Amino acid sequence: MKRLLWFCMAIAFGLTACKKDDVDLAFGEKPEVRVEKALQQYKSELVSSENGWVATLYPAGGGGYNFYIDFEENDRVSMFADIASSTAGAAYGSTYRLKAAMVPSLYFDTYSYIHILADPDPSVYGGTRGWGVFSDFEFAFSSVKGDSIELKGNLSGSKLILVKASKAQADSYKAGDFKKAIDETVAYVAGEPFLFTEFGDGKKVQTSVNAAMKTFSILNAEEGGIKATSSFFSFTLTGIHLQDTMRYGGNAFTDVYWDDDKPGLYILTHDNKRLEIQASETPVFPMHLLLGTNFTTVAVPAGTISGMSPEFITRRQQAAANVYALLSSPLTLADIDFVFNTEERLMDMDAYIYQNNQAYLARFSYSYTKTSDGVFKFRYTGANGNADLIKNAMAPLLNYINNDRFSMEYYSDPDKRILGKIASIDNAGFYFTGNLE
C-alpha cells in the first residue's frame, strides 16, 4: 500500500511540474492566439461585403426590425433601420468592435439605431423600464454560412441575421427607397383597416398588418369563433418579411409585397402564386368575434368624441359632477376603459380618477354572458377600494352597465378612424365609442 501511495504522489508531482506553455502547445496554439485569429476572421468577414449587409433583428421581447449595416475597417459602422420613418431615411454612424469575453462577439459600442430597441428609458421607444423591448447590442457569433452570418444577443438572446447586400440593395437604402416603402405601406394599412385575402376556398380571410406592433395576422372563422395566426415581421425594400412561415389552405408564404402600380399589397406563396390583399369598406367579421383577438379594450376618453350619444354624454357629466363633489379635495373623472378577458368571460370597467394631479384606478368588476350573435349581459361582481368610494357617484353610468344588454360594433369617425361602439339594446339612446386597444 505504501508503494502505491508513493507512486500516486510521484505522478501528482510530475503533473504539477509541467509548464503551462507546454500544456497549451499540446493542443496547438495558445487559446488567446486562437481567439485573436477568430476575431480577425470575423472582422474580415464583416468588412468583406463591399455593399454592406441587410440585417434582421428579432428582439427577445418580440417584433422584427430590418437594418442596412455597413462595417468599415476602421471600426466605424453606418446603418439604416425600420424602427421609425426617420431612421429608415437617414444613415447613422457609430462604432463597433469585436471582443471575446466568453465567446467571440460583435459589440456596437457607441449609441446607434440598434441601441434604441434596448434603451432603458421607455420614453425613447416604449418597452419595459430598464430593458426596452428586451433587445441587445452585443452579439455572439453563432454561425457563418455562405453569404450569411447568424448571431445571438449576449444579454437577452435576441437573434440577429446578416445577409450580404447586393449593390442594387445598398443603392436603394441610400437613395431613400426604404423610407418610401415603409411610409407607403404604413399609410395604406392605416387608411384601409378592413383588409382580406381569398386563398381559393371561397372564404374571406381577414388580413391585418399592425405597423406599431410589427405583426401580420390572418383571421378565419371556425366553429365557435375566430382562429388567428400571427407572425412578427420586419419591413423590407419591397414590403414586409415574416419571422415565421404562415400557412393557410395549402398555401405557405413568408413575404408580403408592396405593389406601387395598384397601389396595394399582395402575397407571393412559396409555389409562386400571387394572392391579392383586398380592401373592404366593411369589416370581414363582427366586432364581438374579434374581441380578445385583435383587441381586448374599448378605451373611452374623457372628452367627447364622435359616436357618443347625448344620453351617454349627459350621464357621464352627471357622474363626473358627483365624483368631483365627494371630497373636500376635488376628484376628477377622466378616461374609462372597458377591459375584457374573453377566456374567463370577465370585464373590468376601469375609471381613472385624478386628485391633485395624482391618478387613481377605480375598478368595477363584472362577469358576462354573450349570445352567438353578440349580445352581452354584464353581472356586477365587486370593486376595489377606490371604486367603492365613488360607486354611488357613478350611478348615472353604472345603472346602465349593471342592468342593460349591450351590442358591440365598429364605428368609423369623420377621420376614418375605426372605433369600437358599445350600445344598449334596452335603451336605444345610450351608446358610446372608444379606441380599440
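How many strands make up the closed barrel that runs from 18 to 25? Eight: select 18-19-20-21-22-23-24-25 and you have a closed barrel with antiparallel pairing. Strands here are DSSP E runs of at least two residues, helices are H or I runs of at least four, and both are numbered from the N terminus. Two strands pair if DSSP finds at least two bridges between them. From one strand to the next, the twist averages 35°.

Before going on, some housekeeping. This is a predicted model, where local features need pLDDT of at least 70 and side-chain atom pairs count only at pLDDT 80 or more, while totals for chains, interfaces and linings use all residues. Residues are numbered from 1 along each chain as its sequence is written, and side-chain values use heavy atoms, with hydrogens and water left out.

**Around the barrel**

Select strand 20 (346–355) and strand 21 (358–370). They run antiparallel and are joined by 10 bridges; one to click on is Met347 with its partner Tyr366 in strand 21. The hairpin has two residues between the strands, and Asn356 there takes a positive phi near 55°.

Next, add strand 22 (376–383). Strand 21 and strand 22 pair in the antiparallel sense over seven bridges, with Phe376 of strand 22 as the bridge partner of Lys370. Five residues lie between the strands in this hairpin, where Gly374 has a positive phi near 90°.

Now jump to strand 24 (residues 418–424) and strand 25 (residues 431–436), an antiparallel pair with four bridges. Ala423 has Tyr431 in strand 25 as its bridge partner.

**Two helices**

Show helix 10 (residues 310–324), which lies across strand 18, strand 19, strand 20 and strand 25 and runs at about 120° to strand 19. Angles run from 0 to 180 degrees between N-to-C directions, and axes are lines fitted to C-alpha atoms, for helices over the stretch in contact. Then show helix 12 (residues 395–403), which packs on the sheet and touches strand 19, strand 20, strand 21, strand 22 and strand 23.

How do the two helices sit together? Their axes are 7 Å apart and they pack at an angle of about 130°. Helix 10 and helix 12 are therefore oblique to each other (under 35 degrees is roughly parallel, over 145 roughly antiparallel, 65 to 115 roughly perpendicular, the rest oblique). On the helix 12 side of the contact (heavy atoms within 4.5 Å), pick Pro396, Leu397 and Tyr400; they meet residues of helix 10 including Phe312, Arg315 and Ala319.

Colour helix 12 by burial and you get Pro396, Leu397, Leu398, Tyr400 and Ile401 as its buried residues (buried is under 20% relative accessible area, exposed over 50%, partly exposed in between, with a 1.4 Å probe and protein chains only).

**The cores**

Select Phe338, Phe340, Met347, Met349, Phe364, Phe378 and Met394: they have the most contacts inside the largest nonpolar core, which has 44 residues. Such a core is a set of buried Ala, Val, Leu, Ile, Met, Phe, Trp, Tyr and Cys residues joined through side-chain atoms within 4.5 Å. Zoom in on Met349 and, beyond its neighbours within four places in sequence, you'll find contacts including Phe338, Phe364, Met394, Leu398 and Ile401. Apart from this core lies another, of 30 residues, with Ala165, Tyr188, Leu195 and Tyr248 among them.

**Last stop: Ile69**

Ile69 lies in strand 2 (residues 65–71). Is Ile69 buried or exposed? Buried, because its relative accessible area is 0%. Among the residues Ile69 touches, more than four places away in sequence, are Trp53, Val77, Phe108 and Leu162.
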